[in-house]
Each structure stands twice: as C-alpha cells, then as structure tokens.
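Colleague: Please take one helix of this model and walk me slowly through its surroundings: what covers its buried side, how its partners pass it, and what follows it in the chain. I would rather have one part explained carefully than a tour of the whole.

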Amino acid sequence: PLAIPYAGRPEAAYRAAYAVNWVDAPPAREMTAALIAGLAAALAPAIAAADNAARWQALLAAMRTIDPYRYQDVPFVGRPLLEWMSLAQSLAAKAGGRPARLFELLESEGNPKYWWDAHFTLLVPLAMLHFCQFNVLAALHLTLDFGHDVDSYAQVLGALGGAVCGSSLFPAEISDAVKKGMQRDYGEDVDDWVEVLNAYGKRVAIK
C-alpha cells in the first residue's frame, strides 16, 4: 500500500518505507524499502500504457538501483539484496523447467534459517516469477505448492503482480469474492482504502 501514494517516485517510496522502521533487522529493512521502491516504479503514470515486460523491467531496475543510503558502498558487505535477486534468477535457470528441482534448490541454496526470513520471503516469489517467465498466476500456483511460509511468499508475489498487471490480474469473480468477504468480516472496503492512499499521495506530492 505504501507504494501507491508514491507512484512514480521510487526513491521517495524507499525513504518513506525505511522511515516506518518497523522491521528490526537492517537487511530486512533495506529489502522492504527496495521492494516498495520497485512497486512505486511499476505504478508510475509515465509507464501506465507500457506493456507488462516494460513494467517488470522498471520494477526490477528500481529495486536494484534505488539505494539512497548507499548500502552498496559498505566495505566488505555490499548490498545483500542484489545477491538474493541474482540468486532468484540463477535458481530458476538451474531448475531447467522442473518445479520440483526449483523447490529443492530454494531449500538447499536459499539458506533459510527460518522459512519467514526476510531474504527468503523475497527470494521465493522472485524465483517463481523468473521460472514462470513472469506469468504471475502460474508463479502463484507454484508458490502455493512449495509451502512453508506460503502466506508471506504469496503476499509479496501478489504485490509484485498487482503493481505490474493491475486489477485485471484476477478474474472478477475471485476479486469480487475477496472484496465482499472483507466487507462482511471486517467492515473494510478495498476501494475506500485506495482512495485514502491516493489522497495521501496528493498531499505528499505537494510537500
């Protein structure tokens, strides 16, 4: 959601996400901010008419290049995010079109201490996307089959796919069922929240 008010302003989105400061581990905080920056880049009005391939390129490029606090320049450490993004692409290629092989590689080379580790929560959806050639629904199916901390992986994947593909990603009968369930169970309306975020975006843009 934080990417919406900063659509088209990936560095501002990065800084805003970083300032929230609810993630205690510095690498996780940086990865979260980079993810938000990528989403903001994909939501840019300037590329709204572009095809999905261009939007994916903008998203991944922003994640790799937006680095306002210069993590990449830290001696002997660099920027772990770039390593995990590269590993996601590498594992997808090494799997050779075999989902079971990709699952094995993620578990053996993804180096998770816990299945919800920040780097692994990013690595899994990115690897699934590369493996499925950025077919989001296919990647989502594989993510669900992979298991472990599946709700976290699917949430990140949904954010990535939603930023690129928009509301047309899911059939109306599915998205309508979710919207009705949110209203029934929690009294929340997704469209109302989008309006709130857009209104906030106008205010921060003026500042």
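Modeller: Contact, as I use the word here, means heavy atoms within 4.5 Å, and helices are DSSP runs (H or I, at least four residues; strands are E, at least two) numbered from the N terminus. This is a predicted model, in which local features need pLDDT of at least 70 and side-chain atom pairs count only at pLDDT 80 or more, whereas totals for chains, interfaces and linings use all residues. Residues are numbered from 1 along each chain as its sequence is written, and side-chain values use heavy atoms, with hydrogens and water left out.

The part I have chosen is H5, which runs over residues 99-109. Its buried residues (under 20% relative accessible area, with exposed meaning over 50% and partly exposed in between, for a 1.4 Å probe and protein chains only) are Leu102, Phe103, Leu105 and Leu106. Around the axis they cover an arc of only 165°, taken from the directions from the helix axis to the C-beta atoms, which puts these residues on the same side of H5. In general, an α-helix has 3.6 residues a turn, so residues three or four places apart point the same way. The cover over the buried residues of H5 includes H4, H6 and H7.

Let me take two of these neighbours as partners of H5, beginning with H6, residues 118-131. The two helices pack at an angle of about 155°, with their axes 11 Å apart, where axes are lines fitted to C-alpha atoms over the stretch in contact, and angles run from 0 to 180 degrees between N-to-C directions. H5 and H6 are therefore roughly antiparallel to each other, on a scale where under 35 degrees counts as roughly parallel, over 145 as roughly antiparallel, 65 to 115 as roughly perpendicular and the rest as oblique. Their crossing is right-handed, that is, the near helix is turned clockwise from the far one by less than a right angle, an anticlockwise turn being left-handed. On the H5 side the contact is made by Pro99, Leu102, Phe103 and Leu106, and on the H6 side by Phe120, Leu123, Val124, Ala127, Met128 and Phe131.

The other partner is H7, residues 136-146, whose axis comes within 11 Å of that of H5 and crosses there at roughly 60°. H5 and H7 are therefore oblique to each other, and H5 passes H7 in a right-handed crossing. Here the contact involves Pro99, Phe103, Leu106 and Glu107 of H5, which meet Leu142, Asp145 and Phe146 of H7. Pro99, Phe103 and Leu106 thus take part in the contact with H6 and also in the contact with H7.

H4, which also belongs to the cover of H5, deserves a look of its own. At 1.5 Å a residue, the 15 residues of this helix (80-94) should span 21 Å, and its end C-alpha atoms are 21 Å apart, which agrees; the expected span is 1.5 Å times one less than the number of residues. The buried residues of H4 are Leu81, Trp84, Met85, Leu87, Ala88, Leu91 and Ala92, and seen down the axis they fall within an arc of 160°, so they line one face of the helix. The face turned away from that buried side carries the exposed residues Glu83 and Ala93, while the cover over the buried residues includes H2, H3, H5 and H6. H4 packs against H6 at an angle of about 35°, with the axes 8 Å apart, and this crossing is right-handed. In it, Leu81, Trp84, Met85, Leu87, Ala88, Gln89 and Ala92 of H4 meet His119, Leu122, Leu123, Leu126, Ala127, His130 and Phe131 of H6.

Finally, the chain around these helices has some positive phi values. Just after H4, Gly96 takes a positive phi of about 60°. H5 is followed by Asn111, which lies in the loop between H5 and H6 and has a positive phi of about 55° although it is not a glycine. Asn111 is exposed, with a relative accessible area of 56%. Further on, Phe134 lies in the loop between H6 and H7; its phi is near 65°, again a positive value in a residue other than glycine, and Phe134 is partly exposed, with a relative accessible area of 24%.
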